[in-house]
Amino acid sequence: MKLEKQSVVIAGGGSTYTAGIVMMLIENQEKFPLRQLKFYDNDEERQSIVAKACEVIVKERAPEIDFLATTDPKEAFTDVDFVMAHIRVGGLSMREKDEKIPLKYGVVGQETCGPGGMAYGMRSIPGVVELIDYMETYSPNAWMLNYSNPAEIVAEATRRMRPNAKIINICDMPVAIKKSIAEIVGLENESDIVDRYYGLNHFGWWTEMTDKQGNDLMPKLKEHLVNYGYAAAGGEENPLLEESSWMDTFQKAKDVYAVDPTTVPNTYLKYYLYPDYVVAYADPNYTRANEVMDNREKNVFAECERIAAAQTAEDTTIEAGEHAEFIVQLAGALAYNTYERMLLIVKNEGAIANLDDDAMVEVPCLVSKRGYEPLSMGKIPHFQKGMIEQQVAVEKLVVDAFEEHSYQKLWQAMTLSKTVPSASVAKQILDEMIEANGEWWPKLT
Ligand code: NAD
Ligand code: LMR
């Protein structure tokens, strides 16, 4: 069957992930053919570094695709079928502050977890909502696949502020973990794993995993987890594990697993279950933002500049990342009705039976032309339910704070977070974050 060609705009064209996504799109022309590929960013200079290289890549490997990079929303969002959005409002320099301010007070400093995630959420909400508005104005039938972080807070905000928008929020972390799991249990590919999973973004648990024939993978996986976490596997296969901070996170899953050996955890739970350990091993002067700026950002931009100067990408080191793979899968499922089973961040509405309907949960969904249909995960136990409800309340309070410009609500959110020890520490962090975020945040009163 001949597949209809698609038009895609990547919002956040200057992202360190864009070139990898372009490589993935080009490699998947048989599954997800493109007629047009556009980049949109609000930073022309940053985007042009990536765009000049991608123009060469497209010309060399898929010249039939029309390529365009622009900072004009009308040009970018007109005549598109998909918006693939990965913006970072405030950039890596603000990420650095999100991480370093809490650490000063002995609290986890992380991109999406704890006060850093809340600060980033307050910045991201208007940026992502603006992208939705552009899409609805210029291509009202398009789908937005959003992986701008913090995905959980962004999902709650867009649910409230643009309830009818065709946006799906997604995350690559479960895919990255499943890559390691596939290697541990001896499967070739993570897509050979059929799973049952519930929770929030960066905050969930697997209850079942089988292969496509229905064989239970959990006993072998658990035997490994109890000794090594997700590490000691995937070292070469999983690009995340080339970086020391991620190696630690994959190993620490061993201790996260120990807290509830009936389930298999998402790695990010270490920030909530072992915040003291995370802080003890963090360097308050050199955080993940510094690691990304010194490695991924530097390397990607240098390679893009090299390609643009040479006007060839024949020998490029840029690879189609796993981050990109599931985006193509998701877009393909929506375009071609494949009923792919994927973990998405969606409105609960009964998927987790004993949790509020309006919580944004991460659960397996069937994806087709009709959109997504969440699968029922049933009732969850006290331990997970307690943790999830606390975290949902934190995220809802952040969005309340954004909408109402409320200092009180953001203070409550920070106080309630499992990563913060007291209301007084929460207040000190909040006050410093208000200073640091200046115009990025609404003025809180
Ligand atoms: P980056 O800073 O390298 O790139 C982000 C780009 O977004 C920049 O070029 C910036 O100019 C642009 N931008 C910022 N605000 C914008 C706005 N309002 N409108 C248009 N463009 C805007 O960031 P990165 O490290 O490549 O990460 C990009 C995003 O992807 C982040 O939100 C990150 O957290 C997220 N991410 C998501 C996942 C996931 O699976 N959910 C995984 C990894 C990274
Ligand atoms: C990133 O910048 O890659 C994050 O989104 C996740 C990480 O690696 O910290």
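## Around ligand 2

In this predicted model, ligand 2 is surrounded by Tyr17, Arg88, Arg95, Glu111, Asn149, Trp246, Arg288 and Arg296. Sorted by class, that shell comes to 2 nonpolar, 1 polar and 5 charged residues.

Several side chains here make polar contacts with the ligand. Tyr17 has a side-chain N or O atom 2.4 Å from an oxygen atom of ligand 2. For Arg296, the matching distance to an oxygen atom of ligand 2 is 2.7 Å, and for Glu111 it is 2.9 Å. On its own, ligand 2 would expose 260 Å², and the protein buries 90% of that.

## Around ligand 1

Now for the other ligand. Ligand 1 has 24 residues around it, and the closest are Ser15, Thr16, Asp41, Arg46 and Tyr120. Broken down by class, its shell holds 8 nonpolar, 9 polar and 7 charged residues.

Which oxygen-to-side-chain distances turn up here? A polar atom in the side chain of Thr16 sits 2.6 Å from an oxygen atom of ligand 1. Arg46 brings a side-chain N or O atom to 2.7 Å from an oxygen atom of ligand 1, and Asn149 places a polar side-chain atom 2.9 Å from an oxygen of this ligand. Taken alone, ligand 1 exposes 860 Å², of which the protein buries 95%.

Asn149 deserves a second look: this residue is also listed around ligand 2.

## A cis bond after Asn149

Staying with Asn149, follow the chain to Pro150. The two are joined by a cis peptide bond, with omega at about -10°. Pro150 itself is found in the loop between β5 (143-146) and α6.

## Arg160 and a distant stretch of chain

Helix α6 covers residues 151-161, and Arg160 is part of this helix. Is Arg160 buried, partly exposed or exposed? Its relative accessibility is 23%, so Arg160 counts as partly exposed.

What does Arg160 touch beyond its neighbours within four places in sequence? The answer is Lys396, Val399, Asp400 and Glu403. Val399 is 239 residues away along the chain, yet the C-alpha atoms of Arg160 and Val399 are separated by 8.9 Å. The Arg160 side chain also reaches the backbone oxygen of Lys396, at 3.2 Å.

## Thr70 at the end of a strand

Strand β3 runs over residues 66-70, and Thr70 belongs to it. With a relative accessibility of 7%, Thr70 counts as buried because the cut-off for that label is under 20%.

The side chain of Thr70 has two polar partners to look for. One of its polar atoms is 2.8 Å from the backbone nitrogen of Asp72, and there is a polar contact with the side chain of Glu75, also listed at 2.8 Å. Setting aside neighbours within four places in sequence, Thr70 contacts Phe39, Tyr40, Asp41, Gln47, Glu75 and Ala76. Asp41 may ring a bell: it is among the closest residues to ligand 1.

## Asn28 between a helix and a strand

Asn28 sits in the loop that links α1 (18-27) and β2 (34-40). Its relative accessible area is 11%, so Asn28 is buried. The Asn28 side chain reaches back to the backbone oxygen of Met24, at 2.9 Å. Leaving out its neighbours within four places in sequence, Asn28 is in contact with Pro33 and Val328.

## Two loop residues with positive phi

Gln311 is not a glycine, but its phi is positive, at about 55°. You'll find Gln311 in the loop between α12 (288-310) and α13 (322-336).

His405 is another non-glycine with a positive phi of about 55°. This one lies in the loop between α14 (382-404) and α15 (407-416). His405 has a relative accessible area of 37%, which means it is partly exposed.

## Cysteines without disulfides

How many disulfides does the structure hold? The count is 0. Take Cys54: its nearest cysteine sulfur belongs to Cys304 and is 5.8 Å away, and Cys54 is in no disulfide. The distance helps explain why, because a disulfide needs the two sulfur atoms within 2.5 Å. Cys54 has 0% relative accessibility, so it counts as buried.

Cys171 is in no disulfide either, with the sulfur of Cys113 as the nearest one, 10 Å away. Cys171 also counts as buried, at 10% relative accessibility.

Definitions and conventions: Residues are numbered from 1 along each chain as its sequence is written. Chains are lettered from A and ligands numbered from 1 in the order in which they are written. This is a predicted model: local features need pLDDT of at least 70, side-chain atom pairs count only at pLDDT 80 or more; totals for chains, interfaces and linings use all residues. Side-chain values use heavy atoms; hydrogens and water are left out. Helices (H or I, at least four residues) and strands (E, at least two) are DSSP runs, numbered from the N terminus. Buried means under 20% relative accessible area, exposed over 50%, partly exposed in between (1.4 Å probe, protein chains only). Contact means heavy atoms within 4.5 Å. A polar contact is a pair of N or O atoms within 3.5 Å; within protein, one must be able to donate a hydrogen and the other to accept it, and residues adjacent in sequence count only if both atoms are side-chain atoms. A residue is near a molecule or strand if one of its heavy atoms lies within 4 Å of it. Accessible areas come from the Shrake-Rupley method with a 1.4 Å probe; for residues, only the protein chains shown count as cover. Ala, Val, Leu, Ile, Met, Phe, Trp, Tyr, Cys and Pro count as nonpolar, Asp, Glu, Lys and Arg as charged, and the others, Gly among them, as polar.
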